[in-house]
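Here is a short report for someone meeting this structure for the first time. Look over the sequence and the model, then read on.

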Amino acid sequence: MGKFFILAFLVMTAGCTDLNPLEARIADLEAQVNKLQVDLGKSSSNAAAANKATSASASAASSEATKALSIGESNTAAIDELNAKIDQMFKKRPSN
């Protein structure tokens, strides 16, 4: 009977370990998870803003490139027309 009480006492003392350090670690992990969720939200928001800015910049660059191409084609046509007039002027023979 004495052995039974000793065994029961040992089982009870083994089961009553201090849970405060574990609870503190769990609370710390929960805080870290919450911080990571906030950081993830900020990163996602920043990525969306950067994507929007990049898209706007690309659109503006495309528009400017289209304008430059149009001006270049217009200039090329004007130069060709001017060259044709110059060639025609030199082909005319002076009349006496």
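## Salt bridges along a helix

Glutamate 64 has a relative accessible area of 48%, so this residue counts as partly exposed. The model is predicted. The side chain of glutamate 64 meets that of lysine 67 in a salt bridge, with 3.7 Å from N to O. Lysine 67 is partly exposed too, at 47% relative accessibility. Why can these two residues be described as about one helical turn apart? Because glutamate 64 and lysine 67 are 3 residues apart in helix 2.

How many salt bridges does the structure hold? There are 3. The table lists them.

| Salt bridge | N to O distance | Spacing in helix 2 |
|---|---|---|
| Lysine 35 with aspartate 39 | 2.9 Å | 4 residues |
| Glutamate 64 with lysine 67 | 3.7 Å | 3 residues |
| Lysine 85 with glutamate 81 | 3.9 Å | 4 residues |

Take lysine 35 and aspartate 39. Their closest N and O atoms are 2.9 Å apart. The two residues sit 4 residues apart in helix 2, which means a separation of about one helical turn. Is lysine 35 buried or exposed? Lysine 35 is exposed, because its relative accessible area is 53% and the exposed class starts over 50%. Aspartate 39 has 29% relative accessibility, so aspartate 39 counts as partly exposed.

Now take lysine 85 and glutamate 81. Their side chains meet in a salt bridge at 3.9 Å, N to O. A salt bridge here needs the nitrogen within 4 Å of the carboxyl oxygen. Lysine 85 and glutamate 81 are 4 residues apart in helix 2, so about one helical turn separates them. Lysine 85 is partly exposed, with 48% relative accessibility.

## The chain and its surface

What does the chain contain in helices and strands? It has 2 helices and 0 strands. Helix 2 covers residues 20-91.

The chain has 96 residues, and buried residues make up 0% of them. Buried means under 20% relative accessible area. The exposed area of the chain is about 8,900 Å². Carbon and sulfur atoms supply 64% of that area.

Which residues make a nonpolar surface patch? Leu82, Ile86 and Phe90 do, and the patch measures about 340 Å². Isoleucine 86 lies in helix 2. Its relative accessibility is 35%, so isoleucine 86 counts as partly exposed. Patch residues need over 30% relative accessible area, and the 35% of isoleucine 86 is the value to set beside that cut-off.

Note on methods: Residues are numbered from 1 along each chain as its sequence is written. This is a predicted model: local features need pLDDT of at least 70, side-chain atom pairs count only at pLDDT 80 or more; totals for chains, interfaces and linings use all residues. Side-chain values use heavy atoms; hydrogens and water are left out. Buried means under 20% relative accessible area, exposed over 50%, partly exposed in between (1.4 Å probe, protein chains only). Accessible areas come from the Shrake-Rupley method with a 1.4 Å probe; for residues, only the protein chains shown count as cover. Patches are made of residues with over 30% relative accessible area and no salt bridge: like charges are joined within 9 Å, nonpolar side chains (Val, Leu, Ile, Met, Phe, Trp, Tyr) within 5 Å.
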